[in-house]
Amino acid sequence: MQPALPEPSPPSGGTLPPGVDVGAFDQGTPVSRWALARYLVGRAVAESVSRSLLIAGLLVLGLAAVCEWVLRSTFLAVLIAFVAVCVLGLRAVLRAVLNRLMAADQVAPFEARVRALVADTRADVLRELRRIGLPGHTWTLPLLAFRLAGRRRRAALERMRGFEIDRAVPRARLDELHLLLRSLSTGADGSRR
């Protein structure tokens, strides 16, 4: 027989009503939790697209080098290198816009932890995108951007409505992100910035 666990002590020395469970609770309001979940999903998708553009740009640049050394075609190599520079430039512009939109300069003190939360979320986000019938692999995420910007936008948005955020972002990650952002918005003395 195991010894009984001690009852949790009530706050401020008061007594707990019978049947009250002191345990996990959600941080923030439902609206703030929804916004933070969308933030994590957006960051996960943006990181995957950025990585895909980097790899694609480097591969195209490598193809330009092969054209120059193997085919001895300088014109073709320059043309392909120009395409590679455009892809890498697009990635740089995308990252700059996303950093600006996501207030990366303000989140800088906690950026390592936010990146870890995004990395933990990425696989779940991609799985949920595949479940609703949208491109959900690292290599196919740029297709999602084209679908959202092109003629198939309405169909893609209809499918996005089926995205269940609770499947992609566990509550523990939302709570941790909420606490990180709350500590960012308060000073060391507890006052609001």
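Q: Where buried means under 20% relative accessible area, exposed means over 50% and partly exposed means in between, is Glu164 buried, exposed or partly exposed?
A: The model is a predicted one, and in this model Glu164 has a relative accessible area of 38%. Because buried requires a value under 20% and exposed a value over 50%, the 38% of Glu164 lies in between, and Glu164 is therefore partly exposed.

Q: Which residue forms a salt bridge with Glu164?
A: A salt bridge here requires a side-chain nitrogen of Lys or Arg within 4 Å of a carboxyl oxygen of Asp or Glu. In the pair that Glu164 makes, the closest N and O atoms are 3.1 Å apart, and the partner, at 47% relative accessibility, counts as partly exposed. That partner of Glu164 is Arg167.

Q: Which residues are joined into one network by salt bridges that share partners?
A: The salt bridge between Glu164 and Arg167, with its closest N and O atoms 3.1 Å apart, gives a starting point. Salt bridges that share partners bring these two residues together with further charged ones, and the one network so formed consists of Glu128, Arg131, Glu164 and Arg167.

Q: With which residues is Arg167 in contact, leaving aside its neighbours within four places in sequence?
A: Arg167 has its place in helix 7, which spans residues 165-168, and its C-alpha atom is separated by 8.1 Å from that of Val125, a residue 42 places away along the chain. Once the neighbours of Arg167 within four places in sequence are left aside, the residues in contact with Arg167 are Asp124, Glu128 and Arg131.

Q: Which residue forms a salt bridge with Asp124?
A: The closest N and O atoms of this pair are 3.0 Å apart, and the pair links distant parts of the chain, with Asp124 in helix 4 (residues 111-131) and its partner in helix 8 (residues 171-185), 49 residues apart. Asp124 is buried, at a relative accessible area of 13%, and the partner, with 18%, is buried as well. The residue that pairs with Asp124 is Arg173.

Q: How many Å apart are the closest N and O atoms in the salt bridge of Arg161 with Glu158?
A: Arg161 is exposed, having a relative accessible area of 61%, whereas Glu158, at 48% relative accessibility, counts as partly exposed. In the salt bridge that these two residues form, the distance between the closest N and O atoms is 2.6 Å.

Q: Are helix 1 and helix 2 roughly parallel or roughly antiparallel to each other?
A: Helix 1, residues 30-69, packs against helix 2, residues 74-101, at an angle of about 165°, and their axes are 8 Å apart; the crossing of the two is left-handed. Because angles over 145 degrees count as roughly antiparallel, helix 1 and helix 2 are roughly antiparallel.

Q: Is Cys67 buried or exposed?
A: Cys67 is found in helix 1, and its C-alpha atom is separated by 5.3 Å from that of Ala77, 10 residues away along the chain. Beyond its neighbours within four places in sequence, Cys67 is in contact with Arg72, Ser73, Leu76, Ala77 and Ile80. Its relative accessibility is 5%, and because the limit for this class is under 20%, Cys67 counts as buried.

Q: What value is phi of Arg72 near?
A: Arg72 has its place in the loop between helix 1 and helix 2, where, at 65% relative accessibility, Arg72 counts as exposed. Its phi is positive although the residue is other than glycine, and the value lies near 55°.

Q: How many Å apart in space are Pro170 and Thr121, C-alpha to C-alpha?
A: Pro170 is found in the loop between helix 7 and helix 8 and is partly exposed, with a relative accessible area of 30%. Although Pro170 and Thr121 are 49 residues apart in sequence, their distance in space, C-alpha to C-alpha, is 8.3 Å.

Q: Among contacts in the chain between residues at least 6 apart in sequence, what percentage join residues at least 24 apart?
A: The chain has eight helices and zero strands, and buried residues make up 29% of its 193 residues. Counting the contacts between residues at least 6 apart in sequence, the share that joins residues at least 24 apart is 70%.

Methods:
Residues are numbered from 1 along each chain as its sequence is written. This is a predicted model: local features need pLDDT of at least 70, side-chain atom pairs count only at pLDDT 80 or more; totals for chains, interfaces and linings use all residues. Side-chain values use heavy atoms; hydrogens and water are left out. Helices (H or I, at least four residues) and strands (E, at least two) are DSSP runs, numbered from the N terminus. Buried means under 20% relative accessible area, exposed over 50%, partly exposed in between (1.4 Å probe, protein chains only). Contact means heavy atoms within 4.5 Å. Axes are lines fitted to C-alpha atoms, for helices over the stretch in contact, and angles run from 0 to 180 degrees between N-to-C directions. Angles under 35 degrees count as roughly parallel, over 145 as roughly antiparallel, 65 to 115 as roughly perpendicular and the rest as oblique. A crossing is left-handed if the near helix is turned anticlockwise from the far one by less than a right angle, and right-handed if clockwise.
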